[in-house]
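Reader: Please show me the model, and let us then go through some of its charged side chains.

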Amino acid sequence: MAMTPLIGKTLSELQELVTSLGEPRFRGKQIAEWLYQKHATSIEEMTNLSKSFRAKLAENYQVGRTPFTHRQISTDGTEKYLFPLLANPAYQFETVYIPEASRATLCISSQVGCKMACSFCATGKMGWLANLSSADIINQVLSIPHSDKLTNLVFMGMGEPLDNYEEVAKVIEILTADYGLAWSPKRITVSTIGVKEGLNRLLREQSVHIAISIHNAIPEERLQLMPVERAFHIEEVVQQLSQYDFSGQRRLSFEYILFEGLNDTKAHADRLIALLKPLDCRVNLIRYHAIPGIPYHTPTSEQVLWFEEYLNKHGLRTTTRRSRGEDISAACGMLSTEKKK
């Protein structure tokens with residue numbers, strides 16, 4: 001029988017687990033500390049639990065820490081890891097570690113593949129294969145070699161986080177709770193195309209930063225890049241966001257991949273400025289990274305700079321994100337395990 005992982009469980013779930021085994025609730029807190037603060041990899045390490053309880057726990061449970069099966073290192077220091085899905089190791093997903101002078105960011109996945117089918121995204125080309133469990137998601141944080149160096153975490157890897165909201169929410173709790181990693185929510189960003197109900201819950205229930213993948217502010221053109229525009233209209237997403245205050249701790253940003261000739265003109269910039277005018281937000285420009293089999297092209301550096309300066313000049317705070325890990329297919333939109341299955 002497959003063993004159930006302990007990592008990925010919240011404190012309340014661990015308390016429920018220990019009481020079901022005839023132990024007092026405080027044992028749940030002890031297990032949480034071993035999992036998330038002391039980084040235990042086996043139940044046997046949990047020495048403040050009795051031997052008999054550890055034996056009983058080990059009958060049906062395991063810590064669940066799973067090592068990556070492959071690592072690639074970019075010339076710029078970015079590292080990409082391949083992890084197996086706990087429930088089905090035949091499925092795999094990727095995680096990207098991005099070191100900088102004063103920051104160390106982990107870009108984590110929430111699904112194997114993706115249902116959103118964005119035409120420019122290698123992950124979207126895979127289709128959707130599976131949701132990651134909370135154990136799969138938190139394992140990415142705990143099991144990379146640089147776990148103790150992390151300053152920031154972004155849900156920008158494979159998959160649409162809000163299409164797997166319940167598991168993502170559990171991980172956010174573990175990351176930010178005192179019993180877990182005790183991170184500030186300001187260290188976490190969730191990226192989404194704007195799944196309506198998931199976004200509502202994220203806005204109401206969490207205080208992490210939010211990044212919206214927009215890529216074109218003209219709805220009919222956005223539809224060609226992102227079929228989800230048909231279900232989640234960008235104008236409705238903006239209206240939804242306008243009901244919330246982003247002037248304090250929580251930050252709102254829009255991700256905008258620039259494609260040569262597709263969304264990089266003055267008309268596109270003007271439409272973006274008009275659409276986002278009601279919001280306290282910023283724009284992150286991303287130079288498109290060429291992907292085999294996808295018929296889009298990278299704009300020139302001059303065009304990217306012009307677009308950035310135009311938006312800033314017209315009051316829309318904009319920066320261009322520096323490309324990282326492109327040589328190992330770790331940059332934005334390039335994650336895929338299609339050839340590795």
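Reader: Which side chain of opposite charge is nearest to the buried Asp 136?

Author: In this predicted model, local features need pLDDT of at least 70 and side-chain atom pairs count only at pLDDT 80 or more, while totals for chains, interfaces and linings use all residues. Residues are numbered from 1 along each chain as its sequence is written, and side-chain values use heavy atoms, with hydrogens and water left out. Asp 136 is buried (under 20% relative accessible area, where exposed is over 50% and partly exposed in between, with a 1.4 Å probe and protein chains only). Asp 136 has no salt bridge (a side-chain nitrogen of Lys or Arg within 4 Å of a carboxyl oxygen of Asp or Glu), and the nearest side chain of opposite charge (Lys and Arg positive, Asp and Glu negative, His and the chain ends not counted), 11 Å away, is that of Lys 170.

Reader: How far apart are the closest N and O atoms of Arg 321 and Glu 255?

Author: Glu 255 is buried at a relative accessible area of 3%, whereas Arg 321 is partly exposed at 31%. Their salt bridge brings the closest N and O atoms to a separation of 2.1 Å.

Reader: Is Arg 54, the salt-bridge partner of Glu 44, buried or exposed?

Author: The closest N and O atoms of Glu 44 and Arg 54 are 2.9 Å apart. Glu 44 has a relative accessible area of 52% and is exposed, while Arg 54, with a relative accessible area of 9%, is buried.

Reader: How many salt bridges does a search of the whole structure find?

Author: Glu 166, Arg 201 and Glu 205 are linked in a network of salt bridges. Across the whole structure, the number of salt bridges found is 14.
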